[in-house]
Amino acid sequence: MNHLSKAQLERLATQLRSRTRELAVRIRDELAASESQHYRDLAGSVTDTADEALARSLVDLDAALVDRHVTELRDIDAAQERIKKGVYGTCIDCSDDVAYERLSAYPTAKRCAHCQQLREHRFAHQATPSL
């Protein structure tokens with residue numbers, strides 16, 4: 001964290017706090033919207049299997065959006081913990097500095113750009129099913 005000035009660190013911490021508030025509002029709004037349109041409400045009005053499939057897809061989409069936001073909140077919490085421990089901005093793989101520009105664009109980054117590229121290249125095909 002030595003490579004980050006106090007001003008840079010404060011800007012990044014402010015970004016993290018702001019994004020936390022924004023995600024909390026989105027999660028609350030999405031959960032409220034999904035409560036007002038439960039699957040059974042949608043499914044109760046379906047007239048055929050295509051409508052039922054659409055209703056299930058909409059429910060799944062809502063759940064996926066909330067899950068994505070919750071995952072991002074966890075990443076933010078982890079970044080804030082790294083700030084507290086004094087290791088924020090240090091790559092978890094190689095221990096090099098994570099560039100300020102990278103942190104500005106992606107404040108929850110835990111790897112430098114090089115290590116992140118290696119990781120993405122290494123794991124890019126693992127989730128791809130093969131026949």
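Is Glu72 buried, exposed or partly exposed? I begin with this residue, and the reply is that Glu72 is partly exposed, at a relative accessible area of 25%. Before I return to its partners, I should state that what stands above is a predicted model.

Let me first speak about confidence. The chain has a mean pLDDT of 83, and 73% of its residues reach 70 or more. The elements are not equal in this respect: α4 has the highest mean pLDDT, 97, whereas helix α2, residues 39-44, has the lowest, at 50. Where pLDDT is low, the predicted coordinates should not be read in detail. I shall therefore leave the detail of helix α2 aside, given its mean pLDDT of 50.

Now the overall fold. The chain contains five helices and zero strands, and along the sequence the pattern reads α-α-α-α-α. Of the 131 residues in the chain, 23% are buried. The chain exposes about 9200 Å², and carbon and sulfur atoms supply 53% of that area. As for contacts between residues at least 6 apart in sequence, 56% of them join residues at least 24 apart.

I turn next to the interior. In soluble globular proteins, nonpolar side chains tend to be buried together. Here the largest nonpolar core has 20 residues, and those that touch the most other members are Leu4, Leu12, Leu16, Ile83, Tyr88 and Leu103. Two or more residues of this core come from each of α1 (6-36), α3 (49-85) and α4 (100-105). Helix α1 gives the largest share, six residues. Leu4 serves as an example of the packing. Apart from its neighbours within four places in sequence, Leu4 is in contact with Leu9, Leu12, Tyr88, Gly89, Tyr100 and Leu103.

A second residue worth following is Thr108, which is found in the loop between α4 and α5 (113-123). Is Thr108 buried or exposed? Thr108 counts as buried, because its relative accessibility is 11% and the limit for that class is under 20%. Beyond its neighbours within four places in sequence, Thr108 is in contact with Leu16, Asp75, Ile76, Ala79 and Arg82. One of these contacts, Leu16, is also among the core residues that touch the most other members.

Let me now return to Glu72 and the charged side chains. The structure holds six salt bridges, and I shall describe three. In one of them, Arg19 pairs with Glu72, with the closest N and O atoms 2.7 Å apart. This pair links distant parts of the chain, since Arg19 lies in helix α1 and Glu72 in helix α3, 53 residues apart. Arg19 also meets Glu22 in a salt bridge, at 2.3 Å from N to O. Those two residues both lie in helix α1, three residues apart, which is about one turn of the helix. Glu22 in turn forms a salt bridge with Arg26, where the closest N and O atoms are 3.8 Å apart. Glu22 and Arg26 are likewise both in helix α1, four residues apart, again about one turn. Through shared partners, the salt bridges join Arg19, Glu22, Arg26 and Glu72 into one network.

How accessible are the other members of this network? Arg19 is partly exposed, at 23% relative accessibility. Glu22 is partly exposed as well, with a relative accessible area of 36%, and Arg26 is partly exposed at 37%.

The cysteines may be of interest at the bench. How many disulfides are there by the distance rule? The count comes to zero. Cys94 is in no disulfide, and its nearest cysteine sulfur, that of Cys115, is 3.6 Å away. Cys115 is in no disulfide either; for Cys115 the nearest cysteine sulfur is that of Cys112, at 3.6 Å. These pairs do not qualify because a disulfide requires the two sulfur atoms to be within 2.5 Å. As to accessibility, Cys94 counts as partly exposed at 32%, whereas Cys115 is buried, with a relative accessible area of 9%.

I close with a point of backbone geometry. Most residues other than glycine have a negative phi. Ser95, which is not a glycine, nevertheless has a positive phi of about 70°. Ser95 is placed in the loop between α3 and α4, and Ser95 is exposed, with a relative accessible area of 53%.

Notes
Residues are numbered from 1 along each chain as its sequence is written. This is a predicted model: local features need pLDDT of at least 70, side-chain atom pairs count only at pLDDT 80 or more; totals for chains, interfaces and linings use all residues. Side-chain values use heavy atoms; hydrogens and water are left out. Buried means under 20% relative accessible area, exposed over 50%, partly exposed in between (1.4 Å probe, protein chains only). Contact means heavy atoms within 4.5 Å. Accessible areas come from the Shrake-Rupley method with a 1.4 Å probe; for residues, only the protein chains shown count as cover. A nonpolar core is a set of buried Ala, Val, Leu, Ile, Met, Phe, Trp, Tyr and Cys residues joined through side-chain atoms within 4.5 Å. pLDDT is the predictor's confidence in each residue, from 0 to 100. A salt bridge is a side-chain nitrogen of Lys or Arg within 4 Å of a carboxyl oxygen of Asp or Glu.
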